[in-house]
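Dear colleague,

I am handing over the structure we spoke about, and it is placed directly below so that you can have it open while you read. My notes come after it.

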Amino acid sequence: MKSESEANSCSSPEELLRSVAEMKHETIWQEQMAMKSGMGLKFAAHFDALLLAFSTYISLIGEENSIPTVNDAKRRFFFWMQSADCKQLMARLQKQEEAAPDPFRFETIVDGRRTYCGMPIVEGAPPRPAINAVWDDDGHCWRH
């Protein structure tokens, strides 16, 4: 019979991936991590990216051996979430989400200025309402 230390040393990268994959099905645990992350509901949208970053981190530091079970993986994930690396990743993910274009806003941001079809949009103009809308300088409104 193997001792506990021998059992822990038998972990492999495949077992780590299996444990991480099982974590995706632990909904109550995910809800707890969402609350502790400070991201709330946005945590679910970024959960896969966080799990990938976590498993990559564990592999890079060569500590697959320290995670033989799903419970060990969950515990390590919780402590990893407290790390500066994870906090930076969460901030980047939130920033990317905030910078994502609004699919219902028919304009683009170029060098911090609103534009459409390469033309600048007047400061203070309402959002462009449709893909075929053109700004009317005389009427100070969008026309179709």
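What follows is an account of what was found, going from the whole chain to single residues.

Please keep in mind throughout that this is a predicted model. The protein chain holds six helices and five strands, and from the N terminus on the elements run α-α-α-α-α-α-β-β-β-β-β. Of the 144 residues in the chain, 32% are buried, while the surface that the chain exposes comes to about 9,700 Å², with 57% of it supplied by carbon and sulfur atoms. Among the contacts with a separation of 6 or more, 44% are between residues 24 or more positions apart.

Among the helices, α5 can be checked against its expected length: at 1.5 Å a residue its twelve residues should span 16 Å, and because its end C-alpha atoms are indeed 16 Å apart, the two values agree. The buried residues in α5 are Val 70, Asp 72, Ala 73, Lys 74, Arg 76, Phe 77, Trp 80 and Met 81, a list in which charged side chains stand beside apolar ones.

One of these residues, Arg 76, leads on to the salt bridges, of which a search of the whole structure finds six. Arg 76 pairs with Glu 63, the closest N and O atoms being 2.9 Å apart, and this pair links distant parts of the chain, since Glu 63 sits in the loop between α4 (42–60) and α5 (70–81) and Arg 76 in helix α5, 13 residues apart. The two partners differ in their surroundings: Arg 76 has a relative accessible area of 19% and is therefore buried, the cut-off being under 20%, whereas Glu 63, at 32%, is partly exposed. Another salt bridge joins the side chains of Arg 114 and Glu 107 at 2.5 Å, N to O, and here both residues are buried. A further one brings together Asp 136 and Arg 143 at 3.0 Å, N to O, with Arg 143 partly exposed at 44% relative accessibility.

Which residues does Met 90 touch, leaving aside those up to four places away in sequence? They are Ser 37, Met 39, Leu 50 and Met 81. Met 90 itself lies in helix α6 (residues 84–99) and is buried, with a relative accessible area of 6%. Its C-alpha atom is 8.0 Å from that of Leu 50, although the two residues are 40 apart in sequence.

Ser 37, one of the residues that Met 90 touches, belongs to helix α3 (residues 27–37) and is likewise buried, at 15% relative accessible area. Its side chain reaches the backbone oxygen of Ala 34 at 2.8 Å, and, with residues up to four places away in sequence again left out, Ser 37 touches Phe 43, Met 81 and Met 90. Met 81 thus appears in the contact lists of both Ser 37 and Met 90, and it is also among the buried residues of α5.

Turning to the cysteines, a search of the whole structure finds zero disulfides. Cys 86 is buried, at 0% relative accessibility, whereas Cys 117 is exposed, with a relative accessible area of 69%. Cys 117 is found in the loop between β2 (113–116) and β3 (119–120), and its backbone deserves a look, for its phi is positive, about 50°, although Cys 117 is not a glycine. Most residues other than glycine have a negative phi.

His 140 also has a positive phi of about 50° without being a glycine; its place is in the loop between β4 and β5, where it counts as exposed at 59% relative accessibility. That loop, between β4 (134–136) and β5 (141–143), also holds Asp 137, which is exposed at 52% relative accessible area, just past the cut-off of over 50%. The side chain of Asp 137 makes a polar contact with the side chain of Trp 135 at 3.2 Å, and the C-alpha atoms of Asp 137 and Val 122, 15 residues apart in sequence, are 8.6 Å apart in space.

With best regards

Key. Residues are numbered from 1 along each chain as its sequence is written. This is a predicted model: local features need pLDDT of at least 70, side-chain atom pairs count only at pLDDT 80 or more; totals for chains, interfaces and linings use all residues. Side-chain values use heavy atoms; hydrogens and water are left out. Helices (H or I, at least four residues) and strands (E, at least two) are DSSP runs, numbered from the N terminus. Buried means under 20% relative accessible area, exposed over 50%, partly exposed in between (1.4 Å probe, protein chains only). A polar contact is a pair of N or O atoms within 3.5 Å; within protein, one must be able to donate a hydrogen and the other to accept it, and residues adjacent in sequence count only if both atoms are side-chain atoms. Contact means heavy atoms within 4.5 Å. Accessible areas come from the Shrake-Rupley method with a 1.4 Å probe; for residues, only the protein chains shown count as cover. A disulfide is a pair of cysteine sulfur atoms within 2.5 Å. A salt bridge is a side-chain nitrogen of Lys or Arg within 4 Å of a carboxyl oxygen of Asp or Glu. The expected span of a helix is 1.5 Å times one less than its number of residues.
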